Amino acid sequence: MFLVAVFVVGLVAQFVKPVGDALADKVYLGGALLTVVGYVLYAEVQRLNSAHTGRAQTEEALDTVVRRLDAEVQRLGAVMRPRAGEVVTPRELEREFQQAIEAGGEVRLTAMGFTGETFATPLKNILQGLARDPLRNVNLRILVPDFTRPIEVPGQVDSEGKVSDAPEFRAHLRRQIAEYERSLKHQIGRMAVAERGTLTVDFRVLHMSPWLKLYFINNDVVYEGIYDKIDLRPDPWAAEADDADRSGPNASDGRLLDLIGYDSLLTRWSMDGGESARKVIARRRELFETLWNAARDPARAPLLPARPDTP
């Protein structure tokens with residue numbers, strides 16, 4: 001799955017110039033990240049599959065895999081962080097969101113992330129605390145992975161080291177995204193009634209692994225980062241399913257392989273940062289717009305399944 005994703009992105013970049021130019025920097029490095037992680041994980045999976053060790057040794061080997069992957073992701077994250085940009089914490093991003101919205105007028109905020117949490121949660125609080133300003137116009141766009149389709153990362157790793165899709169976890173992520181979308185859209189009416197301005201909210205989904213974080217403030221500022229920590233933890237759905245047979249020979253040792261990056265550092269680029277910064281902003285904008293145009297409205301690919309899943 002990792003290598004197929006990298007191959008497809010590279011193939012598209014060869015034939016579609018805007019995509020190729022946009023991918024020339026961050027996505028090629030992101031492809032390197034996915035390739036390295038995929039290679040290391042594949043090598044370890046093959047080794048574990050061929051081994052005939054006990055469960056305790058397998059558990060220890062899986063922990064070693066995760067530590068190695070985590071270290072490699074963080075190392076590549078440092079390489080991907082542009083030297084010319086200013087490295088900041090997510091708190092700085094939230095402060096600049098607030099400043100832009102409180103200034104009034106036309107404000108366009110854009111995000112690409114995992115579930116939209118790092119965008120929706122602070123913005124909900126900011127929007128609720130705004131002063132009256134009927135002329136304010138806030139437009140929000142959020143691009144997230146399409147978790148209605150199978151994906152391996154995030155996914156499940158079994159006791160033999162095999163990586164696979166985790167349908168229950170994907171359903172959980174869809175519910176999270178749907179809740180973030182609902183909470184932001186709920187502010188549309190509240191802002192109108194309180195005369196705090198006009199709000200529009202647009203979510204779209206695209207079948208992709210969540211590895212890159214992008215945030216835009218109008219066309220002037222870009223924040224970017226990656227999900228730089230790998231988390232391997234018990235799968236609560238597998239544990240619940242095996243509760244009646246936990247000690248039996250068919251008990252599952254499945255774990256969730258997740259990506260974490262809520263507090264990862266971000267690189268800030270602004271139009272007043274010189275020619276190189278302006279080029280970076282233009283490339284990131286072109287990249288996002290290309291992905292956005294290829295994405296779908298979740299109304300056509302519902303974030304929630306027809307029948308609610310029970311975690």
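The legends below accompany close-up views of a predicted model.

**View 1. The whole chain, with its 9 helices and 11 strands.** In this predicted model, buried residues account for 48% of the 311 residues in the chain. The accessible surface of the chain is about 15300 Å², and carbon and sulfur atoms contribute 53% of that surface. When contacts between residues at least 6 apart in sequence are considered, 80% of them join residues at least 24 apart. The structure holds 17 salt bridges, and several of these are taken up in later views.

**View 2. Helix α9 and its buried side.** Helix α9 spans residues 275-294, a run of 20 residues, and from its first C-alpha to its last it reaches 29 Å, which is close to the 28 Å expected at 1.5 Å a residue. The buried residues of α9 are Ala-277, Val-280, Ile-281, Arg-284, Arg-285, Leu-287, Phe-288 and Trp-292. Because these residues cover an arc of only 165° around the axis, they fall on the same side of α9. The face of α9 turned away from that buried side carries Asn-293 and Ala-294, both of which are exposed.

**View 3. An open sheet of 4 strands.** The strands of this sheet follow the order β5-β4-β10-β9, and their pairing is antiparallel. Strands β5 (163-164) and β9 (229-234) stand at the edges with a single partner strand each, so one side of each is left without a neighbour in the sheet. In general, the strands of a sheet pair through backbone hydrogen bonds, in either a parallel or an antiparallel manner. Here β9 and strand β10 (residues 255-260) run antiparallel and are joined by 6 bridges. Within this pairing, Ile-230 has Leu-259 in β10 as its bridge partner.

**View 4. The salt bridge between Arg-233 and Asp-258.** The side chains of Arg-233 and Asp-258 meet at 2.9 Å, taken from N to O. This pair links distant parts of the chain, with Arg-233 in strand β9 and Asp-258 in strand β10, 25 residues apart. Arg-233 has a relative accessibility of 24% and therefore counts as partly exposed, whereas Asp-258, at 6% relative accessibility, counts as buried. The two strands that carry this pair are also joined by the 6 bridges described for the sheet.

**View 5. A salt bridge within helix α5, between Glu-92 and Arg-95.** Glu-92 and Arg-95 both belong to helix α5 (residues 90-102), where they are 3 residues apart, or about one turn of the helix. Their side chains meet in a salt bridge with an N to O distance of 3.0 Å. Glu-92 is partly exposed, its relative accessible area being 27%, and Arg-95 likewise counts as partly exposed, with a relative accessibility of 43%.

**View 6. Further salt bridges, involving Asp-133 and a network.** Asp-133 forms a salt bridge with Arg-136, and the closest N and O atoms of this pair are 3.9 Å apart. Arg-136 is buried, with a relative accessible area of 3%. In addition, Arg-91, Glu-94 and Asp-263 are linked in a network of salt bridges.

**View 7. The cis peptide bond between Val-153 and Pro-154.** The peptide bond that joins Val-153 and Pro-154 is cis, with omega of about 0°. Pro-154 is found in the loop between strands β3 (137-145) and β4 (155-157). Strand β4, which follows in this loop's description, is also one of the strands in the open sheet of View 3, where the order is β5-β4-β10-β9.

**View 8. Two loop residues with positive phi, Glu-195 and Asn-218.** Glu-195 is not a glycine, yet its phi is positive, at about 55°. This residue lies in the loop between α7 (167-193) and β6 (198-206), and at 38% relative accessibility Glu-195 counts as partly exposed. Asn-218, which is not a glycine either, has a positive phi of about 50°. Asn-218 lies in the loop between β7 (212-217) and β8 (221-226). With a relative accessible area of 17%, Asn-218 is buried, because the cut-off for a buried residue is under 20% relative accessible area.

Notes
Residues are numbered from 1 along each chain as its sequence is written. This is a predicted model: local features need pLDDT of at least 70, side-chain atom pairs count only at pLDDT 80 or more; totals for chains, interfaces and linings use all residues. Side-chain values use heavy atoms; hydrogens and water are left out. The expected span of a helix is 1.5 Å times one less than its number of residues. Buried means under 20% relative accessible area, exposed over 50%, partly exposed in between (1.4 Å probe, protein chains only). The arc is that of the directions from the helix axis to the C-beta atoms. Two strands pair if DSSP finds at least two bridges between them. A salt bridge is a side-chain nitrogen of Lys or Arg within 4 Å of a carboxyl oxygen of Asp or Glu. Contact means heavy atoms within 4.5 Å. Accessible areas come from the Shrake-Rupley method with a 1.4 Å probe; for residues, only the protein chains shown count as cover.
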